Amino acid sequence: MNVLVTGGCGYIGSHAALRLLEDGHAVTVVDDLTRGHKQVIEILKPLGDVRFVQDDLGRGDPIAHVMRQRSIDLVMHFGALAYVGESVEQPLRYYRKNTASSLGLLEAMEEAGVSKIVFSSTCATYGKPPKRYVPIPESCPQKPINPYGRSKLMVEQMLLDHAHAKKQRDETFACTMLRYFNVAGSDRKGRIGEDHDPETHLIPIALEVALGQRPHITIFGTDYDTEDGTCIRDYVHVEDLIDAHIEAMQQLDANELHTFNVGIGRGYSVREVIDAAATVTGKKIKVIEGDRRPGDPPTLFNNPKRINSELGWEAKIADLETIIDSAWQWRKQNPHGYG
Ligand code: UFG
């Protein structure tokens, strides 16, 4: 297939582009390089037919032109900002980059006659689910508690409205929305990895402490209503997450609409993650107990029933240490990320 990958120079998008190329698909990466790394394209080039376009998705016309030129069959839409804390401080930036840019992308698809999309949504759209909804099924009410979650929920709503209107007009539009839990780890062949600037995610920060690049890690809140008082999250390996995209792409038929949560179905606390990082790296990781971070829900983990039964997807890597080890191997080889 001819696949357009938005945000293909970013962490998750680059793993998708790599896998698509390995599977023999032609890939067009669109990335504005706000946070992506152009070096990724050089790594991808020897793997197959990849073309890079540096542009902003919000500018519909040039993107439609690229779609026509490359005869795009399907869009995988990763391009977004994804820091909960930053979204609380700079909400407009999130509505611009996540919501408005997705509108531009949909308009470009409409103009170019591209009718299939796999959209990266997030379990942050669930907000702080009532206890009876944890583990979280797709039917959990969506009440995001931060602008990041709201910026993504708006895109889900846009996709649903657009799909409905297309159906009324007997036109084709098919979409799978994947609501990710916490994505972690990296390509186990060590070719690409996770490199954010600024870095705010738990596992990479723990690894930076292990590398001696930071003096300590701060636990954001130790007074949550959880077993050890720290937040619980569901960590899914990035390669498993990409498997879910490949399945979604292959199984998506005309006029279908699907929503799946992607998470392994088990939660780990912040303390458990830091302990596992210390075990994997063999280094002491100094911890400071700090205040809660605004916008953080206490417990989020998936109920994977729907994705297991309907998409036939199951996480192959459910073990936290294996997930952290893949991130560690890349980071050890690339202590300053892509440089
Ligand atoms: N945490 C710390 N110290 C740190 C960094 C993180 O205690 O230095 C804690 C956070 O407070 C949170 C947990 O570790 O409880 C995980 O935090 P991350 O920043 O790694 O990830 P988030 O859960 O905030 O967000 C991630 C993605 C979002 C996605 C969300 C879904 O960044 O895009 O998972 O759960 F929506």
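Which backbone N or O atom lies 2.7 Å from a nitrogen atom of the ligand? That atom belongs to T218. We're looking at a predicted model, where local features need pLDDT of at least 70, side-chain atom pairs count only at pLDDT 80 or more, and totals for chains, interfaces and linings use all residues. Residues are numbered from 1 along each chain as its sequence is written, and side-chain values use heavy atoms, with hydrogens and water left out.

Let's stay with the ligand. The T218 pair is a polar contact, meaning a pair of N or O atoms within 3.5 Å. Side chains join in too: an N or O atom in the side chain of N182 is 2.7 Å from a ligand oxygen, and one in the side chain of Y148 is 3.0 Å from a ligand oxygen. On its own the ligand has 680 Å² of accessible area, and the protein covers 93% of that (Shrake-Rupley method, 1.4 Å probe). Around the ligand sit 21 residues, with T122, N182, T218, R293 and D296 coming nearest; to count as near, a residue needs a heavy atom within 4 Å.

Now for the empty space. Rolling a probe the size of a water molecule over the atoms shows where such space is left. The search uses a 1 Å grid over the protein atoms alone: a cavity is a set of points where a 1.4 Å probe fits but cannot get out, while a pocket is an open set with protein on both sides within 12 Å along at least five of seven lines; lining residues have an atom within 4 Å of a point. A volume is the space filled by probe spheres set on the points.

The second largest pocket holds about 310 Å³. Its lining has 14 residues, and P129, K131, D225, P298 and T299 lie nearest the centre. One cavity of 30 Å³ or more turns up. It has about 40 Å³ of space, and its walls are E194, P204, L207, A327, W330 and R331.

What about disulfides? With a cut-off of 2.5 Å between cysteine sulfur atoms, the count is zero. For C123, the nearest cysteine sulfur is that of C140, 9.8 Å away. C231 can't bond because its closest cysteine sulfur, in C123, is 12 Å off. C123 is buried at 3% relative accessibility, and C231 is buried at 5% (buried means under 20%).

Key: Buried means under 20% relative accessible area, exposed over 50%, partly exposed in between (1.4 Å probe, protein chains only). A polar contact is a pair of N or O atoms within 3.5 Å; within protein, one must be able to donate a hydrogen and the other to accept it, and residues adjacent in sequence count only if both atoms are side-chain atoms.
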